[in-house]
Amino acid sequence: TITLNILYSNMKKIIVTGGSGFIGSNLVNYLLKKNYYVINVDKLTYSASNFNKKNLPKKKYKFFKVDINNKKIIKNIIQKYKPECIFNLAAETHVDRSIDSPYQFIHSNILGVFNLLEIIKDYSKKNKKIKLIHISTDEVYGDIKKRKADEKYPYSPSSPYSASKASADHLIKSYIRTYKLSAIISNCCNNYGPYQFPEKLIPKIITNILSNKPIPIYAKGKNSREWIYAEDHCEALYQIFKKGKVGESYNVGSNLNLQNIKLAKLILKIFKTKNYKIGKKVKIKFVKDRPGHDLRYSLNSNKIYKKIGWKSKTNLKKGLNLTIDWYIKNKKFLSSISKKLYVKRLGLKI
């Protein structure tokens, strides 16, 4: 036991903020497989889940229920564990919720990032090796009508959510330049995969099929998104941590772009190939569009391909098959979440 404790105390340590959320859960599992000691810092909002912590090795994993705005506790955690990297995934993410209630997005996505930056700035005076990898979004670029957005594309956020993420990106860049902070920003396209909260499009479609309910699609379903399997995103984040240049931003995309209506039809088709009995109420239902809904997001990810050598590995059909299988096998994940948190339609305020 003493030998094991010494072994684990000497392991390289990484902090993941928001590690009980969707992408965070996948990243925690990924880093544990890479043999890191992972410290998960999460305030456990509605979209986080204790289900995500099942079967995690206690000797290699530590959880703290805390808001990243709590400067005292976050500072103490960093000083105690001395991580070589902090992956910041702590954020409010659902656009519809940001339309109805913007405050929490400003509080978490801007003030929370500011708090982290201040702590890291002070800590790095003694430990210059610490690095911040901040996980942003493709939505900061706004509506991309035709071309693809590279890292130099101007920011043009459309919702309180994307505006709060854009604000955080700008704040981080200012700390990199002014205080020489060791930070890197990643801007990723839409993720899907295990552990995703069922208010998001793909798990919403899957869970409605499983529950024999209509599939709601905004407007006529022409809105187009680029999709990446969460594990591929985690691999990209790890490679950015290992090979990325401090002060840079990297787009993380799959080049797999699809209209929402075609995505819904593809998921239905995959269910049918599995000989899954689809209920009579499962039909595509067009609903009123949300305010300021961007038509298309699309990333130019040539930089990460060329500079780091990363490319997504999972094609959309394979990723959707894996995701559907996971939700079918893990129905307890859905039953552990109150339906009040994801069934009600949001994002209608104007």
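This text walks through a predicted model of one protein chain, from its overall form to its two sheets and the helices packed on them.

The protein chain has 12 helices and 12 strands. Its radius of gyration is 20 Å, close to the 20 Å that the globule rule gives for 350 residues, so the chain is as compact as a globular protein of that length. The C-alpha trace spans about 60 × 50 × 40 Å along its principal axes. Of the 350 residues, 55% are buried. Among contacts between residues at least 6 apart in sequence, 81% join residues at least 24 apart.

Strands of a sheet pair through backbone hydrogen bonds, either parallel or antiparallel. One open sheet in this model has seven strands, in the order β3-β2-β1-β4-β5-β6-β10, and its pairing is parallel. Its edge strands are β3 (61-65) and β10, each of which pairs on one side only. From one strand to the next, the twist averages 20°.

Two of the pairings in this sheet can be followed in detail. Strand β1 (residues 13-17) is paired with strand β4 (residues 85-88) in the parallel sense, over four bridges. Valine 16 stands opposite phenylalanine 87 in β4. Towards the β10 edge, strand β6 (residues 183-188) runs parallel to β10, and four bridges join them. Here asparagine 187 has asparagine 251 of β10 as its bridge partner.

In a regular strand the side chains alternate between the two faces of the sheet. Strand β10 (residues 249-252) can be read in this way: Ser249 and Asn251 point one way, while Tyr250 and Val252 point the other way. Are these residues of β10 buried or exposed? All of them are buried.

Helices pack on the seven-stranded sheet. Helix α2 lies across β1, β2 (37-42), β3 and β4, and runs at about 170° to β1. Helix α6 (residues 160-179) also packs on the sheet, where it touches β5 (131-137), β6 and β10. The direction of α6 makes about 150° with that of β5.

The other sheet to look at is an open one of three strands, in the order β7-β9-β11, with mixed pairing. Strands β7 (190-192) and β11 (257-259) stand at its edges with a single partner strand each, so one side of each is left without a neighbour in the sheet. Neighbouring strands of this sheet are turned by 50° against each other on average, direction ignored. Strand β7 and strand β9 (residues 224-229) run parallel and are joined by three bridges. Tyrosine 192 stands opposite tyrosine 229 in β9. Helix α8 packs on this sheet, touching β7 and β9, and its direction makes about 75° with that of β9.

Helices α2 and α8 also meet each other. Two packed helices are described by the angle between their axes and the distance between the axes. For helix α2 (residues 22-33) and helix α8 (residues 230-243), the angle is about 60° and the axes are 9 Å apart. The crossing of α2 past α8 is right-handed. On the α2 side, the contact is made by Phe22, Ile23, Asn26, Leu27, Tyr30 and Leu31. On the α8 side, the residues are Ala230, His233, Cys234, Glu235, Leu237 and Tyr238. The residues of this contact divide into nine nonpolar, two polar and one charged.

Terms used:
Residues numbered from 1 in each chain as written. Predicted model: local features only at pLDDT ≥ 70, side-chain atom pairs only at ≥ 80, totals over all residues. Heavy atoms only, no water. Axes fitted to C-alpha atoms, helices over the stretch in contact; angles between N-to-C directions. Left-handed = near helix turned anticlockwise from the far one by under 90°. Contact = heavy atoms within 4.5 Å. Nonpolar A, V, L, I, M, F, W, Y, C, P; charged D, E, K, R; others polar. Buried < 20%, exposed > 50% of the residue type's maximum accessible area, 1.4 Å probe, protein only. Pairing = 2+ DSSP bridges. Rg over C-alpha atoms; globule rule 2.2 N^0.38 Å.
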